[in-house]
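The exercises below are meant to be worked through with the sequence and the 3D view open. Try each task before reading the solution that follows it.

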Amino acid sequence: MDQRSLKVLEYHKILKSLGEHCVTQGGKEQAKHLLPMESLTAVNRGLDLTNESLGMILRNGRPPLAEVPNTSDYVKRAAIGSMLSMKELLSIATLLRIARDMDNYYHGDTQMDTLVLLKDLFAALETCEELEKEISRKILGPEEMADNASRELSRIRREMQFKYKRITEKLSHMISSTAYEKILQEKIVTIRNNRYVIPVKQEYRSQVPGIVLDKSASGATLFIEPMAVVELNNDIKILVTEEEQEIVRILKDLTQKVADLRDEIICNYDVLVDLDFQFGKGKYGLTINGVRTSVTETGAILLLRAKHPLIPDDQVVASDIYFDEDIDTMVITGPNTGGKTVSLKTIGLLNLMVQSGLFVPVREGSKTRIFADIFADIGDEQSIEQSLSTFSSHMTNIVEIMNKADHNALVLFDELGAGTDPTEGAALAISILNALHLRRVTSVSTTHYSELKEYALVTPGVVNASVEFDVKTLRPTYRLLIGVPGKSNAFEIAMRLGLGEEVIENARELIKNEAIRFEETLIKIDEKRRRTEAEHDAIIRLKQETEALKGQMDREKQQFADEQKALLQKAQEEAMEIVKKTRAETEEIYREIRTIQETTTNAVKDNKELEAIRKRIKEKEKNIYQFGSRPQNYQGAALEMDDLRVGMKVYINSLRREGEVLNLLPNENKAMIQAEMIKLKVDVGDLSVSTALAKPEEKKVTYKKVDRHVMDTKLDLRGKNGEESLYLVDKMIGDAMLSGNKQLVIVHGKGTGRLREIIHEYLKGNPLIEEFRLGAMNEGGSGVTIVTL
């Protein structure tokens with residue numbers, strides 16, 4: 001990228017703001033040297049990292065990063081045998097602690113599986129937790145080793161404390177003694193040359209046996225180490241030497257452990273700096289309300305509601321900036337201080353930021369393309385040293401840009417052709433833009449020349465743009481309007497400021513008729529644009545009101561549906577309760593039937609009581625279905641295998657059809673159902689009460705009396721399939737229950753034994769069966785099953 005262009009576009013200010021969001025010095029340095037990338041893959045990788053970092057910040061809060069000391073030099077010295085100081089070892093422990101905190105931050109992310117690029121960075125962290133904790137436990141400060149750093153050090157310091165205590169006791173006794181009252185200069189114990197002494201008056205030197213270690217400046221006071229504590233002070237001196245040696249040993253041991261983990265520690269520093277930089281990008285994007293912008297190698301530019309990132313949010317004005325694929329040249333016109341240069345810088349700076357992997361303050365759905373170079377000629381570059389005028393200075397830059405720019409470049413010109421004769425300047429500006437246009441170079445230029453407006457109107461691939469100006473308030477709105485050429489506001493401004501109407505009319509006469517017509521056309525275009533924008537705003541408001549009304553209706557509809565669902569659920573629960581209660585009562589009635597059949601001997605009486613019980617069963621069945629029709633969303637929860645009977649009408653939920661039970665298959669928890677012309681096997685869970693039974697027709701039910709002596713108690717199933725056999729067995733058991741027969745004979749034959757297994761499996765699950773067995777030799781052997789009800 002062209003360094004001069006980066007400077008005039010104020011890219012360095014973006015990097016400074018980015019650096020302020022980094023915590024570590026390494027991260028700040030990385031931000032300071034960030035440059036736009038020219039590869040689509042590299043740009044997308046940078047944007048992906050920013051996106052993942054911002055996502056983690058929003059989910060988990062800011063990462064636990066702190067100033068990470070650069071310990072690489074310490075580690076390298078440790079690797080070659082140099083002993084590290086306590087301060088340097090503490091710096092390494094700090095680095096390892098931050099690495100551990102970041103590792104915990106990563107593993108605490110509820111959506112860590114969505115991370116891709118950051119996952120690789122976090123995976124490269126080596127926590128080295130044992131070394132970190134050992135250093136932190138043994139070293140308390142830059143100059144302080146913990147007493148429990150080793151057993152030997154602990155012993156030495158205990159002995160030193162003991163010696164100090166003994167010395168203190170002896171000297172305290174001396175200075176408090178009345179014998180020493182006139183001898184001592186002061187009743188204190190002090191230290192000289194790391195040895196405990198007492199201050200003695202010079203004239204009493206001979207009365208205090210001991211060693212003179214120091215004297216006062218006047219010579220009146222001697223600091224004497226009494227003989228009573230000389231030996232103890234000597235012991236302390238030896239212990240101090242031992243303490244120093246033990247501390248050196250501990251430091252060497254820790255240094256060696258650092259050297260053993262050299263690669264891991266250096267890698268941790270590099271990874272933490274990189275993570276700090278990536279999270280700095282995410283935090284900066286959050287600060288400027290930036291979003292990710294789609295990037296392609298070529299194609300259109302669409303920056304929606306784009307804002308200049310260096311202008312405070314309460315002052316900046318958003319504009320839509322777009323280049324269609326068939327447009328490569330834009331000419332921006334408008335009054336001075338109207339925002340032309342800001343618009344120019346916004347286009348260049350946002351593209352630089354995107355190519356640096358940063359989020360930019362635009363609306364979702366924005367997109368741009370990769371530029372290999374971005375050139376900018378902006379501002380007054382007059383050079384006194386080179387004796388160059390403003391025009392000459394700009395032209396020098398333009399010549400250099402013209403020599404370098406190609407179809408992969410973005411060129412930005414501010415006030416192209418200014419600083420010289422207007423006629424020649426306009427012609428030169430048109431020629432420059434046309435040369436770039438023919439080379440398919442993307443360019444944006446600001447100008448005051450009407451000739452450039454006309455050039456943009458009649459040249460394919462060139463588009464006009466302007467910064468809006470409110471003539472009523474004499475203030476610019478700073479909005480960039482694409483496709484609308486800016487009109488001159490000189491006459492309107494002069495009139496509102498009080499310049500005489502005659503002077504203004506005379507000025508109008510001096511302008512060519514063509515220019516006047518052109519300005520009038522621009523006025524009409526501007527008026528039409530304002531009307532269109534007003535209508536558009538009205539449509540937007542109407543759309544918002546409609547959407548709000550629709551949202552309210554949807555909420556009311558959902559509320560109604562929820563209430564309806566709750567009522568149906570309550571009704572279904574009440575129905576289920578009735579079904580359970582009725583089922584229990586029905587079971588009680590069946591038990592009464594069995595009791596009657598076992599105890600009565602009078603057939604007539606038996607039949608009368610059975611008829612009465614049947615009526616009671618029928619009444620209970622009515623109670624089940626008179627509750628109401630089957631709920632619309634009912635899924636057959638009220639029906640189980642015990643509820644089904646052959647010939648019973650049921651509803652198949654999945655098919656939404658009525659059907660009749662042909663046979664029951666308890667082993668499979670299924671039933672054979674005849675639904676219209678279809679015969680199919682259905683799960684019991686898919687069956688519910690038939691709607692035909694919800695409001696049963698009143699009709700007389702007749703029961704056929706079965707004589708126990710007439711009924712055939714032997715059933716031959718040979719040659720029949722499993723489903724048909726189970727149907728016949730079930731029917732036979734039902735008839736036997738009504739007739740009072742208690743023992744049945746089922747002939748199934750020997751064969752493969754499969755039919756026998758199916759029947760036995762059914763009999764095991766039937767509550768009406770007391771027991772069953774294979775027949776004896778005289779009864780038919782294993783080809784017959786004897787059933788007792």
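**Exercise 1. Find how many aromatic pairs this predicted model holds, and describe the pair formed by Phe122 and Phe279.**

Step 1. Counting ring pairs across the model gives 4 aromatic pairs.

Step 2. For Phe122 and Phe279, the ring centres lie 6.5 Å apart and the planes meet at 65°; because planes over 60 degrees apart count as edge-to-face, this pair is assigned to that class.

Step 3. Placing the two residues along the chain shows that Phe122 belongs to helix α7 (residues 117-123) while Phe279 belongs to helix α11 (residues 262-287), so that the pair links distant parts of the chain, 157 residues apart.

Step 4. Phe122 and Phe279 are both buried, and ring pairs join them with Tyr105 and Tyr106 into a cluster.

**Exercise 2. Describe the pair of Tyr164 and Tyr196, and decide for each ring residue whether it is buried or partly exposed.**

Step 1. The pair is edge-to-face, with 5.7 Å from centre to centre and 65° between the planes.

Step 2. Tyr164 sits in helix α9 (residues 151-176) and Tyr196 in strand β4 (residues 195-201), and this pair too links distant parts of the chain, with the two positions 32 residues apart.

Step 3. Tyr164 has a relative accessibility of 23% and therefore counts as partly exposed, whereas Tyr196, with a relative accessible area of 18%, is buried; the dividing value that this step needs is 20%.

**Exercise 3. Which residue lies over the face of Phe223, and at what distance from the ring centre?**

Step 1. Looking at the face of the Phe223 ring, one finds Arg192 lying over it, at 4.0 Å from the ring centre.

**Exercise 4. Compare the settings of Glu88 and Ser725, giving the helix, the burial and the contacts of each.**

Step 1. Glu88 is part of helix α6 (residues 86-107), and Ser725 is part of helix α21 (residues 722-739).

Step 2. Glu88 counts as buried because its relative accessible area is 14%, and Ser725 is likewise buried because its relative accessibility is 0%.

Step 3. When neighbours within four places in sequence are left aside, Glu88 is in contact with Tyr74 and Arg77, and with residues up to four places away left out, Ser725 touches Leu717, Lys720 and Leu755.

**Exercise 5. How many cavities of 30 Å³ or more does the whole structure have, and what lines the second largest cavity?**

Step 1. The search of the whole structure returns 2 cavities of 30 Å³ or more, and the second largest cavity holds about 50 Å³ of space.

Step 2. Its lining is made up of Asp377, Phe391, His394, Met395, Ile398, Asp414, Glu415, Leu416, Gly417 and Ala418.

Step 3. Sorting the lining of the second largest cavity by class gives 5 nonpolar, 2 polar and 3 charged residues.

Step 4. Helix α13 (residues 390-404) gives the most to this lining, with 4 residues.

**Exercise 6. Set these details within the whole protein by asking how many helices and strands the protein has, and what share of its residues is buried.**

Step 1. The protein has 22 helices and 25 strands.

Step 2. Of the 789 residues in the protein, 43% are buried.

Step 3. Taking the contacts between residues at least 6 apart in sequence, one finds that 68% of them join residues at least 24 apart.

Terms used: Residues numbered from 1 in each chain as written. Predicted model: local features only at pLDDT ≥ 70, side-chain atom pairs only at ≥ 80, totals over all residues. Heavy atoms only, no water. 1 Å grid on protein atoms, 1.4 Å probe; cavity = no way out; pocket = protein on both sides within 12 Å on 5 of 7 lines; lining within 4 Å. Points joined across faces, edges and corners; volume = space filled by probe spheres on them. Nonpolar A, V, L, I, M, F, W, Y, C, P; charged D, E, K, R; others polar. Phe/Tyr/Trp six-rings, centres within 6.5 Å; stacked < 30°, edge-to-face > 60°. Buried < 20%, exposed > 50% of the residue type's maximum accessible area, 1.4 Å probe, protein only. Lys NZ or Arg CZ within 6 Å of the ring centre and 35° of its normal. Contact = heavy atoms within 4.5 Å.
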